[in-house]
Structures are given as structure tokens and as C-alpha cells.
Amino acid sequence: MGLRDDLERFREVGEERREDLEEFISYGDLGGSGANNINIPIKVVDLPEFAYDVRDRGGVGQGQGGTPDVGQPVGPPQPGDGDEEGDPGEEGADHEYYQMDPEEFAQELDEQLGLDLEPKGKEVIEEIEGDFTDVTRTGPNSTLDFERLFKEGLKRKLSMDFDEEYVREALKVEGKDAEDVFRWARENNILVSWAWVADAYDDIPEDERDKWSSFEEMEENVEQTTTLQRIRREGLREVPFRREDERYRHPEIIEKKEKNVVVVNIRDVSGSMREKKRELVERTFTPLDWYLTGKYDNAEFVYIAHDAEAWQVEREEFFGIRSGGGTKISSAYELAAAILEEEYPWHEWNRYVFAAGDSENSSNDTTENVVPLMEEIPANLHAYVETQPGGNAINATHAEEVERALGDAGNVVVARVSRPEDVIDAIYDILSTEDDDQ
């Protein structure tokens with residue numbers, strides 16, 4: 001095998017592993033994995049390795065120099081070659097599975113399905129100091145925003161600046177007093193104060209008070225300089241700082257929110273839920289549990305089983321519970337609503353409510369009870385998974401009724417799984433439906 005072939009093989013490994021993941025979800029033994037450890041069989045993934053081509057080894061001989069020793073077998077090793085006496089080994093090997101944690105599983109599934117669910121943080125767990133972007137009027141001197149103070153002072157300097165020599169020449173116009181000059185300055189947008197004009201007028205020598213016959217003559221003979229010209233010529237000698245311009249920098253307070261999620265898994269365990277239907281429920285819900293566990297900082301799960309009544313169970317019992325009794329799906333939603341209200345407030349928790357069954361329900365329970373309950377329970381996503389191998393039964397109308405009533409809602413999805421091959425598509429439909437506004 002050449003180097004180029006090896007590199008190509010390495011690129012194919014990731015794709016092969018994703019194919020293994022899909023096959024595992026659809027057909028694998030999900031019970032072999034736990035809530036936090038997922039064992040993915042990798043029987044088709046053999047990492048490439050470099051090997052010598054046997055054709056370059058000088059022939060078929062296995063002895064030194066290509067010549068076999070007398071009595072040495074020619075060809076592949078035979079059974080028993082190299083075996084040593086002793087009892088069979090009892091320790092298992094690790095090479096049959098690739099072990100993932102839920103976070104890695106979620107990443108793989110995102111890539112497999114082209115998804116990237118971005119969890120929302122809700123509960124504030126701590127406040128941390130960020131960059132020094134906030135400002136206040138008080139604070140320690142070490143946090144004084146001098147740059148801001150200088151800019152405010154400079155703006156004031158520029159807004160108050162005027163050509164003093166130019167105004168002094170105006171004070172030398174014949175017959176004009178300080179009030180006349182102040183009025184002339186304002187009319188010409190020269191921002192000089194009355195106090196300055198009055199003081200400057202008093203300083204003009206008497207023999208210079210009639211130097212110009214009019215303001216017009218003065219303006220024709222005296223050039224007014226701009227603020228920029230004066231700064232370039234004389235430099236910036238002072239900047240008028242004021243206490244009201246002082247600002248002190250403080251770090252921005254950032255609320256760090258924990259990405260909490262509670263997943264309510266509801267399954268129908270009534271008498272009509274035979275083995276194949278139960279298997280499809282578990283095959284759909286188990287990867288969803290792993291996925292959401294990997295996506296959120298803190299994921300909690302509530303498991304509810306129901307026939308005509310509903311009760312809360314542990315995870316181990318939920319995945320493996322047997323069937324019996326009648327059907328009333330609303331009983332499960334009533335229990336879910338009570339648990340969520342008491343233990344998982346909507347402002348702190350992301351919520352997913354997943355239900356599954358064969359779509360058989362007691363008369364009018366879906367439209368009169370289940371649909372209103374789904375509308376009343378705030379959640380990122382409500383999903384119903386219909387498991388009907390071989391097609392719908394005549395009285396299996398729950399999924400259709402939910403779809404008809406809530407199909408336009410942004411956070412409700414109905415998925416149908418009639419065989420293991422449908423599981424991946426159902427998971428995609430569910431995870432790609434979450435309403436961003438919820």
C-alpha cells in the first residue's frame with residue numbers, strides 16, 4: 001500500500017465511523033451502553049498501517065536468505081503455530097468497541113445529520129468581571145479614564161478657543177466700546193466672553209483706540225488665524241480639565257448562565273404496545289438522551305410511563321418496561337406538567353417533552369386534553385414519536401390529530417418510526433424543529 005493510499009484511507013476512517021454510528025443507532029445493542037458511556041461497534045473500521053509487500057521479500061522461502069530450512073512448512077502459519085501450553089485466557093479485549101462520552105456522541109451526530117443545536121443558558125450561576133467597559137463618576141484614582149478626561153478637556157478647549165489678537169485689533173476701532181466689540185464678535189461666531197472683552201478693552205492704550213476707522217477696515221487689514229494654525233505655531237499650552245469630566249472605568253459584570261435542560265420522556269405501555277413497538281421507542285429515545293446530555297452543562301431526565309394512568313419511573317425501568325392496560329395519553333402530560341411546574345421552572349430550565357407510542361388513545365382524549373396540555377406547557381420542543389410497524393392501525397389517530405392541531409407551532413413535531421431504518425430520520429426531524437424563540 002502506497003503513502004497516498006494510506007492518507008486516503010485515513011480520511012475515509014471518519015466517514016466509516018459515522019456509518020457505524022448510524023448502523024449502531026438503527027440496529028445495535030443500545031443496552032450495552034450506559035447513560036454516560038456509549039460503546040459504538042467498529043467492526044468495519046480498521047486503521048491503516050504500513051506493510052511490506054511480500055513480493056519484495058525474495059520469494060516464498062521463510063528461512064535465512066530465502067532458502068527454507070529442512071522440514072520448515074512453506075506458506076501461512078498453520079493453526080497451532082506459536083501456541084503455548086496453558087489454559088484459555090479469560091480477560092476480554094477492548095478492540096471491539098469505540099467508546100464515546102455523550103459530548104462526543106453529540107458532536108458526531110451533529111456532523112452525521114448536519115445539525116448544530118446551540119443550547120441556551122438560562123439559570124445564572126455566577127457573575128464574573130469582564131473588560132473595563134463600564135464607566136462611573138466616582139472610583140479610585142487608579143481607574144481614572146484619563147484618555148476620556150483629556151478628550152473632554154480638548155473639546156472644551158477647541159470650543160472656547162478664539163484668536164485673541166484679532167479681537168484686540170477690533171477693540172482699536174474708532175468710536176467702539178467693549179459692548180460694541182462683544183456684539184460684533186458674537187455676530188461673527190467668535191466665542192469670546194464679555195468679561196474677557198471688558199478686561200481687554202481696559203488694557204488698550206488711549207492712543208491706539210482710533211487705529212481703525214471701522215470693523216470693515218480692520219477685517220481687511222488683519223488676518224484671523226484658525227485654532228489649528230495657532231496650535232501648530234504655539235503648541236497646546238493648557239487643556240481646561242473639569243471635575244465633571246472625570247470618569248472611572250469599571251469592569252463589565254457578566255452573568256454566566258448554566259445551560260440546564262430537563263427532558264421529559266413519556267412512553268405508552270398500554271396493552272397494544274407489543275415488543276416491536278417498544279423496541280422502536282427505546283431505539284429513538286436512547287440516542288436523544290445521549291445527545292442532549294452531551295449538549296448541556298446540566299441535563300436531567302424525567303421518565304413517565306402510562307397506560308390509562310401515568311406514573312414516574314427510573315431510567316432503568318423506563319427502558320425495558322412491559323405492556324398492559326388501556327390508554328389515556330393525557331394522564332402522562334398532566335403528570336409532566338405538575339413535575340415541571342414544581343421542580344423545573346421555565347425561566348431557569350430548557351425543557352424538552354418527548355412522548356412515544358403507537359398513536360392509539362382513548363376516545364377524544366387527544367383533542368380535548370392532550371393538545372390543550374401541550375399548548376399550556378412551555379417547552380423548547382414538544383415531540384411525539386409514532387411507532388407503528390407495518391403501517392397505521394385504524395384507531396391509531398393520535399399523531400395525526402396532534403399534527404393537525406399543532407402542526408404550525410414552531411416547537412411541536414411529529415415523527416413516525418415504523419422500522420429501525422426510520423430512527424435516524426426521526427431524530428433529525430425532532431432536533432431540527434426546535435423553535436429559536438422558545
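Student: Where is the place of N364 in this structure?

Tutor: In this predicted model, N364 sits in the loop between β10 (350-357) and α12.

Student: What makes the phi of N364 worth a remark?

Tutor: Phi of N364 is positive, about 65 degrees, although N364 is not a glycine. Most residues other than glycine have a negative phi.

Student: Why is N364 called partly exposed?

Tutor: Its relative accessible area is 46%. Buried means under 20% and exposed means over 50%, so 46% falls in between and N364 counts as partly exposed.

Student: Which residue other than glycine in the loop between α5 and α6 can I set beside it?

Tutor: Look at N189, in the loop between α5 (178-187) and α6 (194-203). The phi of N189 is near 60 degrees, again a positive value in a residue other than glycine.

Student: Is N189 buried or exposed, and how do you know?

Tutor: N189 has a relative accessible area of 68%. The cut-off for exposed is over 50%, so N189 is exposed.

Student: Back to β10. Why is β10 described as mostly covered?

Tutor: Count its buried residues: 8 of the 8 residues of β10 are buried. On one side these are N350, Y352, F354 and A356, and on the other R351, V353, A355 and G357, so both faces of β10 are covered, given that buried means under 20% relative accessible area.

Student: How do you know that β10 pairs with β7 and with β11?

Tutor: Two strands pair if there are at least two bridges between them. Strand β7 (residues 260-268) and β10 have 7 bridges in the parallel sense, and β10 and strand β11 (residues 381-387) have 6, also parallel. Both pairs therefore meet the cut-off. For single positions to look at, F354 in β10 is the bridge partner of N265, and Y352 stands opposite L381 in β11.

Student: What makes β7 mostly covered?

Tutor: In β7, 9 of its 9 residues are buried. N260, V262, V264, I266 and D268 point one way, while V261, V263, N265 and R267 point the other way, and all are buried. β7 also runs parallel to β8, joined to β8 by 9 bridges. One position to find there is V262, which stands opposite E300 in β8.

Student: In which order do the strands of the sheet come, and what makes β9 and β12 its edge strands?

Tutor: The order is β9-β8-β7-β10-β11-β12, an open sheet of 6 strands with mixed pairing. β9 (310-313) and β12 (412-417) are the edge strands, as each pairs on one side only. From one strand to the next, the twist averages 20 degrees.

Student: Which helices lie on this sheet?

Tutor: Among them is helix α14 (residues 423-431), which packs on the sheet and touches β10, β11 and β12; its direction makes about 180 degrees with that of β12. Another is α11, which lies across β7, β8 (298-306), β9, β10 and β11 and runs at about 150 degrees to β8.

Student: Why are α11 and α12 called roughly parallel?

Tutor: Helix α11 (residues 330-343) and helix α12 (residues 365-376) pack at an angle of about 20 degrees, with their axes 9 Å apart. Angles under 35 degrees count as roughly parallel, so the two helices earn that description. The crossing of α11 past α12 is left-handed. In their contact, S330, Y333 and E334 of α11 meet D365, N369, V370, L373 and M374 of α12. By class, these residues are 4 nonpolar, 2 polar and 2 charged.

Student: And why are α2 and α9 roughly perpendicular?

Tutor: The angle between helix α2 (residues 102-113) and helix α9 (residues 275-295) is about 105 degrees, and their axes are 7 Å apart. The range for roughly perpendicular is 65 to 115 degrees, so that is what α2 and α9 are called. P102, E103, F105, A106, L109 and D110 in α2 meet P287, W290, Y291, T293, G294 and K295 in α9. Their contact has 7 nonpolar, 2 polar and 3 charged residues.

Student: How many helices and strands does the protein have?

Tutor: It comes to 14 helices and 12 strands. Buried residues make up 39% of the 438 residues.

Note on methods: Residues numbered from 1 in each chain as written. Predicted model: local features only at pLDDT ≥ 70, side-chain atom pairs only at ≥ 80, totals over all residues. Heavy atoms only, no water. Axes fitted to C-alpha atoms, helices over the stretch in contact; angles between N-to-C directions. Helix = DSSP H or I, 4+ residues; strand = E, 2+ residues; numbered from the N terminus. Parallel < 35°, antiparallel > 145°, perpendicular 65-115°, else oblique. Left-handed = near helix turned anticlockwise from the far one by under 90°. Contact = heavy atoms within 4.5 Å. Nonpolar A, V, L, I, M, F, W, Y, C, P; charged D, E, K, R; others polar. Buried < 20%, exposed > 50% of the residue type's maximum accessible area, 1.4 Å probe, protein only.
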